[in-house]
Amino acid sequence: EQLLGMEGKAGQLYFSVLQELGAKELGFEWRGKKKDVVRDPVNAMLNLGYGLLRHHAESVLRAAGLLPWVGFYHQPHGRHATLASDLMEPFRHVVERAVLTLVNRGQLRPDDYTVDDEAGCQLGSRIRRVFLGGLSERFATPVEDATSGLRGSVPEHLWHMSRRLVGVLSGRDAPFTAFRIR
């Protein structure tokens with residue numbers, strides 16, 4: 001519980017800094033990270049990007065023979081794939097970076113979305129295409145794991161972490177180490 005509390009406080013601070021790095025001058029109103037019905041394009045893109053990252057993590061976990069909804073750190077609620085959330089944690093910054101890059105470069109404009117009282121922020125087809133293209137590029141860009149020295153894309157690192165987790169859980173490998181960017 002203490003660790004969850006510290007993560008919550010760190011998350012508040014982190015997203016307050018991201019808010020400062022956002023593009024208010026481009027007309028984006030963003031009041032921090034929201035999980036419920038979002039009313040701004042930054043949160044809509046973050047949620048979409050995190051969802052895609054979690055889907056990648058779920059897929060590699062299933063392929064490795066692990067149950068994505070039985071995790072170590074994230075708490076279960078509903079059908080939340082907690083192990084997928086655990087596995088994707090070191091890569092959340094990739095989504096955040098893609099959002100901030102596209103917004104700050106002016107590639108995403110305030111007229112690319114609509115806000116509905118019930119549905120929240122709806123991203124238009126152009127903004128989805130631009131964002132998903134930028135996010136796909138980020139996912140495919142090779143990065144190096146500081147611990148192992150392995151270079152690979154985000155999906156490749158997710159696969160390697162899931163395989164290491166299988167090795168640790170089966171008793172064949174040394175303690176698990178998560179991806180760390182160099």
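The protein chain in front of you has 6 helices and 4 strands. Keep in mind that this is a predicted model. If you read along the sequence, the pattern goes α-α-α-α-β-β-α-β-β-α.

A few totals next. The chain has 182 residues, and 37% of them count as buried. Its accessible surface is about 10600 Å², with 54% of that belonging to carbon and sulfur atoms. And among contacts with a separation of 6 or more, 57% are between residues 24 or more positions apart.

Now let's go inside. In soluble globular proteins, nonpolar side chains tend to be buried together. Here, the largest nonpolar core has 39 residues, and Met45, Leu53 and Leu158 are those with the most contacts inside it. Which elements each supply at least two residues of this core? They are α2 (41–63), α3 (82–88), α4 (92–104), β2 (120–123), α5 (125–140) and α6 (154–169). The largest share, 9 residues, comes from α2.

Please find Met45 on your screen; this residue lies in helix α2. Is Met45 buried or exposed? Its relative accessible area is 0%, and buried means under 20%, so Met45 is buried. What does Met45 touch, leaving out residues up to four places away in sequence? The list is Val95, Val99, Val103, Leu108, Leu123, Ile127 and Phe131. Take Leu123 from that list: Met45 and Leu123 are 78 residues apart along the chain, yet 8.1 Å separates their C-alpha atoms.

Two other names on that list, Ile127 and Phe131, take us to helix α5. Let's check the length of α5. At 1.5 Å a residue, its 16 residues should span 22 Å, and the end C-alpha atoms are 22 Å apart, so the two values agree.

Which residues of α5 are buried? Ile127, Phe131, Gly134, Leu135 and Phe139 are. These buried residues cover an arc of only 140° around the axis, so they sit on the same side of α5. A helpful thing to remember is that an α-helix has 3.6 residues a turn, so residues three or four places apart point the same way. Turn to the other side of α5, and you will find Arg129 and Glu137 exposed.

And what do the buried residues of α5 pack against? Their partners are α2, α4, β2 and α6. Met45 in α2 is a good place to see this, since you can follow the touches from Met45 to Ile127 and Phe131.

Technical notes:
Residues are numbered from 1 along each chain as its sequence is written. This is a predicted model: local features need pLDDT of at least 70, side-chain atom pairs count only at pLDDT 80 or more; totals for chains, interfaces and linings use all residues. Side-chain values use heavy atoms; hydrogens and water are left out. A nonpolar core is a set of buried Ala, Val, Leu, Ile, Met, Phe, Trp, Tyr and Cys residues joined through side-chain atoms within 4.5 Å. Buried means under 20% relative accessible area, exposed over 50%, partly exposed in between (1.4 Å probe, protein chains only). Contact means heavy atoms within 4.5 Å. The expected span of a helix is 1.5 Å times one less than its number of residues. The arc is that of the directions from the helix axis to the C-beta atoms. Accessible areas come from the Shrake-Rupley method with a 1.4 Å probe; for residues, only the protein chains shown count as cover.
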